[in-house]
Amino acid sequence: MIPFNKPYMTGDELYYIKDAVSKMKISGNGYYTKKCHSYFKEKASFRNCLLTSSCTDALEMAAILVDIKAGDEVIMPSYTFVSTANAFVLRGAKIVFADSYENNPNIDANSLENLVTEKTKAIVVVHYAGIACDMDIVMDLANKYNLFVIEDAAQAIDSYYKGKPLGTIGHLAAFSFHETKNIISGEGGMLVVNDERFDARAEIIWEKGTNRSAFFRGEVDKYSWVDVGSSFLPSDVTAAFLYAQLENLQKIQSRRKTLWNNYYDNLKVLEEEKLIKLPEIPDYATCNGHLFYIVCNSLEQRSKLISFLYDNNVCSVFHYLSLHKSPFYLDRNEYVELHNCDIFSDRLLRLPLFYELHVGDQNKIVDLIKTFFDRKEQV
Ligand SMILES: *Cc1c(COP(=O)(O)O)cnc(C)c1O
């Protein structure tokens, strides 16, 4: 069976974990946490960042930082993971879902202005598949209405918008190092703080609402409870694992992009015959090889293709179910129609893509898809 995903170990993880353990300080904000922070500041030009236990945690921190209160409205795509919404719902926000583009699952930036009301506080964008949203439009709108922008950059490591790294454009950004992402630590994430107004408070919220970090730097003489917060910081064992991955970022990225391009080049003919659609990368965006998807012509066709691939030992998977149609949301909100989002929900199919996927296996997957579409009765 060719799995959908297989987490890649660089081989240095256990070495760094052993080193972290031997330092006898494996709680948060230790040696490897600081090494990861420096890496991101120096190599990825993130102004300020904090490792977290997950991207979900980083999103929850963002919701606290922009001070979401009961009744505030937050605009975000419906085609996303549940954490994008939950982080803000936990603080009492009303979620206002926006549609995707017709040819791209990302939030339709031109549809956002109509959704802004007196109560709107923030816009959350999701760079789906690591492909950038149209950030100039989003940031202009945010400036016009005085809104905060949070980038859910869970899938967007090492990807760019007009040359700027994703995660450096909104006021805040959240990354994931979950084992399904490009760079992993089992569970793991990171908050990026681009607006310096949030620096001091971010560190406090991260450390359970205390000024512990300032105390250890000798900036205050007592370490006290000064704000709300939680235990958002990961163990240094997790950071040690992550550091091994970061050192191999370029190698991992180059392999994933090669695999992505192979799929694209080899499946192009099916798109030309209008049998499927392939991902569209706008001029302003790059591809970071996070995931490769095709869009089928119907839900029924997608289900048949999944079964056909499965019967031939290939595991392919669909992705998000529209959040605006979820039981939780519909119990509390009016139904709105988001046509493009529903299309991706019904028809998008992700193919296996992981560092150790062999080109031979990849060719087999491509051939199987072509065989499926050759059989006219399937289409
Ligand atoms: C993976 C993912 C998350 C959640 O990340 P965790 O680290 O598992 O909390 C959130 N949003 C998007 C878009 C994701 O892909």
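This passage describes the ligand site, the largest pocket and the internal cavities of a predicted model.

The ligand sits in the largest pocket of the protein. Its surroundings comprise 15 residues, and the closest of these are Thr56, Asp152, Gln155, Ser176 and Lys181. When this shell is sorted by class, eight residues are polar, five are nonpolar and two are charged.

Several polar contacts to oxygen atoms of the ligand can be described individually. A polar side-chain atom of Thr56 is placed 2.5 Å from an oxygen atom of the ligand. For Ser176, an N or O atom in the side chain lies 2.7 Å from a ligand oxygen atom. Cys55 takes part through its backbone, where a polar atom is 2.9 Å from an oxygen atom of the ligand. The ligand taken alone exposes 380 Å², and 93% of that area is buried by the protein. Thr56 and Ser176 thus appear both among the closest residues of the shell and in contacts made by side-chain atoms, at 2.5 Å for Thr56 and 2.7 Å for Ser176.

The largest pocket itself has a volume of about 460 Å³. Its lining consists of 29 residues, and those nearest the centre of the pocket are Gln155, His178, Thr180, Lys181 and Tyr320. Two or more lining residues come from each of helix 3 (55-65), helix 4 (82-89) and strand 12 (348-351). Helix 3 makes the greatest contribution to this lining, with three residues. By class, the lining of the pocket contains 13 polar, eleven nonpolar and five charged residues. Gln155 and Lys181 are named among the residues nearest the pocket centre, and both also belong to the closest residues around the ligand.

Enclosed space was examined in addition to the open pocket. In general, a probe the size of a water molecule, rolled over the atoms, reveals where empty space remains. In this model, three cavities of 30 Å³ or more were counted. The largest cavity holds about 70 Å³ of space. This cavity is lined by 14 residues, with Lys6, Tyr8, Lys181, Asn182 and Arg256 closest to its centre. Six residues of the cavity lining are nonpolar, while four are polar and four are charged.

Lys181 recurs in the description of each of these sites. This residue is listed among the closest to the ligand, among those nearest the centre of the largest pocket, and among those closest to the centre of the largest cavity.

Note on methods
Residues are numbered from 1 along each chain as its sequence is written. This is a predicted model: local features need pLDDT of at least 70, side-chain atom pairs count only at pLDDT 80 or more; totals for chains, interfaces and linings use all residues. Side-chain values use heavy atoms; hydrogens and water are left out. A residue is near a molecule or strand if one of its heavy atoms lies within 4 Å of it. A polar contact is a pair of N or O atoms within 3.5 Å; within protein, one must be able to donate a hydrogen and the other to accept it, and residues adjacent in sequence count only if both atoms are side-chain atoms. Accessible areas come from the Shrake-Rupley method with a 1.4 Å probe; for residues, only the protein chains shown count as cover. On a 1 Å grid over the protein atoms alone, a cavity is a set of points where a 1.4 Å probe fits but cannot get out, and a pocket is an open set with protein on both sides within 12 Å along at least five of seven lines; lining residues have an atom within 4 Å of a point. A molecule sits in a cavity or pocket if more than half of its atoms lie within 2 Å of its grid points. Ala, Val, Leu, Ile, Met, Phe, Trp, Tyr, Cys and Pro count as nonpolar, Asp, Glu, Lys and Arg as charged, and the others, Gly among them, as polar. Grid points are joined across faces, edges and corners, and a volume is the space filled by probe spheres set on the points. Helices (H or I, at least four residues) and strands (E, at least two) are DSSP runs, numbered from the N terminus.
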